[in-house]
Amino acid sequence: MVMQPPKRHRKFAKRSSTGCRTCRARHIKCDEAPGACNKCTSTGRKCDGYDLARLPVARLALALYPDIAPRLAWLTTTDEKRCFSYFMHSSIPSLSMFFDQPLWEKVAMQMSHVDRAVYHAANMLGALHEDSEQNQMRLSGEDLSHPRHRFALDQASRAYEILHRRQASNDPQLREVMLLCCLLFVLSDLLMGRYDNALQHLRGGLRILQETQQQRQQRCIPELDDGLIYMFQRLDTEFSHFGPGEPFLFSGGGLEEDWPETDELHTLDDVRMSVRCALNVGIPFLAKAWLLTGTDIAADYVDLHRKQERILSVYYKLQAQIQTLCDKPHSRFGYKEQRGLGLSKLQCLGQILAIKTCLIDGPLPSSWIPEFAALLSALRGFLAEFSERPTITMDYGIIPCLYVVTRCPHYLIRLQAIEILLSWPHCEAVVNSNMVASIALETLRKEMQASDRLEVLGVDDEAAKALNSYLSKIFESTPHAVNWPTVHASKILPPSTHTWTNSIQDVATQ
């Protein structure tokens, strides 16, 4: 009888879940020596340090997305794979939902695969985007007890470190890398509700942009991506309502500057360019008007009214041009193009009503109700026709229109707009649907108390309390929030001094 040799059992060493990033990426046990582990230094490898936090295990999340490690030129951890996959498969599609966005679909995608600073910044955004979605887009500051927040902070610090080491580099792509990282930092701060930090990062990016444009006139340096320039210009303009009250770099000057010379729009790109030019003028004008008191408006009414009429004439002309394009046969317009045209029409409609009413001091008369109802009807029609609901987008349109509707004299119309805001938690560049809903509810509550109305607000108690808490935290973390044009126009105070106590059964119509 032949004796069978005993089976050999491979001895496995227990891997550390808190080891250095290099050892974890190599799937070997780390000795966790302070600063740099001996496993790396003894073999001549660079120890990539230790993470501030590890994300909870979520094997399903990894299974949903393809492995991206073979495409990268550096070692990646499991947590980074998860968040980078979320950035690619959730954040980028959301950012590109309404229009084709080469900046996100090509530039950001490519640069995050070849540049480690952009890669870490993208991981930060992916982690915070996922966390925001799970919290109804109501993050209001960082919570270091939360693993995703610590992971995002770790990824941000790694991106900063890489950029700092490359400051003296002559890499011709460095400025574009820095601008893209700045943009990812701005979006991450906005998701966290850190508006002051977002504004600081935006201004840093605008300074880089300004210096680059000045240096291009003196020596030959590569041109920046047009999408990056356009995105910073949009954010600079939109921060008029959440920052200093006017753009930092792009002044939104005269209506004649960079205005397309055409009486007819032929493509969706023509529409986007024209709407962009109109918003660059209309948004800062609204920000300025909403900061004025009745006395200020009366003192400067002639000039304000003249500019108001000029801007309205531009929007009326643009509205007619878009409608002419929409009335043509849609055989040459795809679904996404039709959605982009619909959003552009809403942008014009909302801006027109906001600009027409921005110089009226005090409550709006009931004669304006039909126009607010028409805007709400157009919004409902758009949302019924196009069912996609991105949670983060750079296309500024739906939330500002709903904010305009919440200024309607008719309480029931305002509540319908608030319901839409609550049913679709999302961010459009600088604006957050929860913030607008919170401000609208606070304004409505104040008006009903002032008029001794017996009705109470038609919003669920828990939702109202959550919104109140969210807005209170935003005010606490952003001291200048009370001076934002959107808040100033609503004439509300920080809502920390009261609580929502009643739920509503019905609202009486006026």
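Reader: Which residues does UniProt list for "domain: Zn(2)-C6 fungal-type"?
Author: The model is predicted, but this range comes from a record. The UniProt entry is unreviewed. For this domain it lists residues 19–47.

Reader: How far apart are the end C-alpha atoms of residues 19–47?
Author: Helix makes up 34% of this stretch, and strand 0%. Its end C-alpha atoms are 10 Å apart.

Reader: How many helices and strands does the chain have?
Author: The chain has 510 residues, and 53% of them count as buried. Its secondary structure comes to 20 helices and three strands.

Reader: What share of the chain's contacts with a separation of 6 or more joins residues 24 or more positions apart?
Author: Contact here means heavy atoms within 4.5 Å. Among contacts with a separation of 6 or more, pairs 24 or more positions apart account for 75%.

Reader: Are α15 and α16 roughly parallel or roughly antiparallel?
Author: Helix α15 spans residues 369–385, and helix α16 spans residues 398–405. Their axes come within 9 Å and cross at roughly 150°. Angles over 145 degrees count as roughly antiparallel, so α15 and α16 are roughly antiparallel.

Reader: Is the crossing of α15 and α16 left-handed or right-handed?
Author: The two axes come within 9 Å. Where α15 passes α16, the crossing is left-handed.

Reader: Which class of residue makes up the contact of α15 with α16, nonpolar, polar or charged?
Author: From α15 come F372, L375, L376, L379 and F382. They meet I398, C401, L402, V404 and V405 of α16. No polar and no charged residues take part; the contact has ten residues that are nonpolar.

How values were computed: Residues are numbered from 1 along each chain as its sequence is written. This is a predicted model: local features need pLDDT of at least 70, side-chain atom pairs count only at pLDDT 80 or more; totals for chains, interfaces and linings use all residues. Side-chain values use heavy atoms; hydrogens and water are left out. Axes are lines fitted to C-alpha atoms, for helices over the stretch in contact, and angles run from 0 to 180 degrees between N-to-C directions. Helices (H or I, at least four residues) and strands (E, at least two) are DSSP runs, numbered from the N terminus. Angles under 35 degrees count as roughly parallel, over 145 as roughly antiparallel, 65 to 115 as roughly perpendicular and the rest as oblique. A crossing is left-handed if the near helix is turned anticlockwise from the far one by less than a right angle, and right-handed if clockwise. Ala, Val, Leu, Ile, Met, Phe, Trp, Tyr, Cys and Pro count as nonpolar, Asp, Glu, Lys and Arg as charged, and the others, Gly among them, as polar. UniProt positions are given in the numbering used here, feature names are shortened, and annotations may be inferred rather than shown by experiment. Buried means under 20% relative accessible area, exposed over 50%, partly exposed in between (1.4 Å probe, protein chains only).
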